[in-house]
Amino acid sequence: MSLIPIKNGLDKVRVLIVDDSAVMRKIIASALQKNPDIEVAGFANNGIQAIESIATCCPDIITLDIEMPEMDGLTALREIRKTHKYLPIIMFSSMTHQGAQAAVMALTAGASDYVAKPSKGGSVDIAFQVLEAELIPKIIGLAKRAKTRIAKEALKEISTPISSQVSPVMVQSSKAHSPIKNTYVQTTLSPINHKPTGQINKPVQAVCIGVSTGGPMALMQVFGAFTAPLDVPIFIVQHMPADFTALLAARLTATSVMTVKEAEEGEVALPGMVYIAPGGFHMTVARPGIKTIIHLNTQPPENSCRPAVDVLYRSAAEVYRDGVLAVILTGMGYDGLKGSEVIKSKGGQIIVQDEATSVIWGMPGAIVQAGIADAVLPIDKMAEEINFRARKVGMLGRV
């Protein structure tokens, strides 16, 4: 293990690079040091050194290789999460099947995000391009979110419970029997148009979930909390590479009472089943007759994403109209916003994950800023809310 002296510039993002390859450490460091907003805080050769280095380097974020001697990245991740719940960790792995399996395991165990390692056979220039395009934006975004969270926590300790300069918005469950007590979000954003229980009388015909950065762990929490299958199909768009989505579906199935599968072209959507868009394919739904059919396509990316949440949401709004329950979970960017606006125009419902429990509050935050969220909830309340809204409900009762 070697440390790089701390440079001037307190606002720079400090990165701890963990990789057993000296060549890869050098390539990563060289790419990061080209960005004026980033500095390399130190290096570690394996998971054990990574854990020790956190105290000495005080990094804002960690890039963590998966396959390393003595202690691999997955084991190190689990150990780090015991004491550093919110420290951003980006996993680094090869794009082999084994590497993809390990990456999905890491993402569902609490890794913030994933970046595929540049091919060992590729040129250094190509490696730099991959790191600059994939790694640096994620480092900046995750570190900014983490610093904001730390600042807010510090502010809570020295300020009054609710600042007179901030307009509090109460966020509650639609369920009259068990509201989320005393849950407030201090925000200057547009107020949430929350519908009381008595107005939620439209039967939900489909649940559509959009999620990105931090999504695998969020999905694990949501699907692990269901106690019975829903009466409607669930569609998921998670921004992930090809091959990852099938592995994620298997992980979710293992922890859920519902079967989660990678969607297939032309299959019929069935109640109680969960369909995740395959990496690299947009997913849409259509109803040529009485059955809902799933379609996949490779049309151009939207919001730099394929699959894109907006694509699914638009098609779902056309098929199910006011029967759509849209769920936006943690994610960078604003994919899902335009599609949510279409769903809202058809009379559908939209619920989003709150800022406090999101790894990145980009996608859900965009919905709240637009003023179209029906409820804003912590991740541990999301399954309960989906379950209530998606059950076959009469005017005020529950079946």
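The place of serine 304 is in the loop between strand 13 and helix 8, helices and strands being DSSP runs (H or I over at least four residues for helices, E over at least two for strands) that are numbered from the N terminus. This is a predicted model, in which local features need pLDDT of at least 70 and side-chain atom pairs count only at pLDDT 80 or more, while totals for chains, interfaces and linings use all residues. Residues are numbered from 1 along each chain as its sequence is written, and side-chain values use heavy atoms, with hydrogens and water left out. The protein chain holds eleven helices and 16 strands, and 53% of its 399 residues are buried, where buried means under 20% relative accessible area, exposed means over 50% and partly exposed lies in between (1.4 Å probe, protein chains only). Of the contacts between residues at least 6 apart in sequence, 71% join residues at least 24 apart, a contact being heavy atoms within 4.5 Å.

**The five-stranded sheet**

- An open sheet of five strands follows the order 2-1-3-4-5 with parallel pairing, two strands being paired if DSSP finds at least two bridges between them.
- Its edge strands are strand 2 (38–44) and strand 5 (113–116), each of which pairs on one side only.
- Neighbouring strands of this sheet are turned by 25° against each other on average, direction ignored; axes are lines fitted to C-alpha atoms, for helices over the stretch in contact, and angles run from 0 to 180 degrees between N-to-C directions.
- Helix 1 (residues 22–33) packs on the sheet and touches strand 1 (13–18), strand 2 and strand 4, its direction making about 165° with that of strand 2.
- Strand 1 and strand 2 pair in the parallel sense over six bridges, and valine 13 has isoleucine 38 as its bridge partner in strand 2.
- Both faces of strand 1 are covered, since Val13, Val15 and Ile17 on one side and Arg14, Leu16 and Val18 on the other are all buried.
- Strand 3 (residues 61–65) and strand 4 (residues 89–93) run parallel and are joined by four bridges, with aspartate 65 standing opposite phenylalanine 92 in strand 4.
- Helix 3 (residues 73–83) lies across strand 3 and strand 4, running at about 175° to strand 4.

**The seven-stranded sheet**

- A second topic is an open sheet of seven strands in the order 10-11-9-8-14-15-16, with parallel pairing.
- Strand 10 (259–262) and strand 16 (375–377) stand at the edges with a single partner strand each, so one side of each is left without a neighbour in the sheet.
- From one strand to the next in this sheet, the twist averages 20°.
- Strand 14 (residues 324–328) and strand 15 (residues 349–353) pair in the parallel sense over four bridges, and alanine 326 of this pairing stands opposite isoleucine 350 in strand 15.
- Helix 7 (residues 244–255) packs on the sheet, where it touches strand 9 (234–238), strand 10 and strand 11 (273–276), and its direction makes about 175° with that of strand 10.
- Helix 8 also packs on the sheet, touching strand 8 (206–211), strand 9 and strand 14, with a direction at about 165° to that of strand 8.

**Helix 8 against helix 9**

- Helix 8 (residues 309–320) and helix 9 (residues 337–345) pack at an angle of about 10°, with their axes 7 Å apart.
- That angle makes helix 8 roughly parallel to helix 9, the cut-offs being under 35 degrees for roughly parallel, over 145 for roughly antiparallel, 65 to 115 for roughly perpendicular, and oblique for the rest.
- Helix 8 contributes Asp310, Tyr313, Arg314 and Ala317 to the contact, and helix 9 contributes Leu337, Lys338, Gly339, Ser340, Val342 and Ile343.
- These contact residues divide into five nonpolar, two polar and three charged, where Ala, Val, Leu, Ile, Met, Phe, Trp, Tyr, Cys and Pro count as nonpolar, Asp, Glu, Lys and Arg as charged, and the others, Gly among them, as polar.

**Individual residues**

- Serine 304 has a phi near 65°, a positive value in a residue other than glycine, and is exposed, with a relative accessible area of 76%.
- Proline 307 lies in the loop between strand 13 (293–297) and helix 8, and the peptide bond leading to it from arginine 306 is cis, with omega near 15°.
- Arginine 389 lies in helix 11 (residues 379–390) and is buried, with a relative accessible area of 2%.
- The side chains of arginine 389 and glutamate 385 are joined by a polar contact of 2.6 Å, a polar contact being a pair of N or O atoms within 3.5 Å of which, within protein, one must be able to donate a hydrogen and the other to accept it, with residues adjacent in sequence counting only if both atoms are side-chain atoms.
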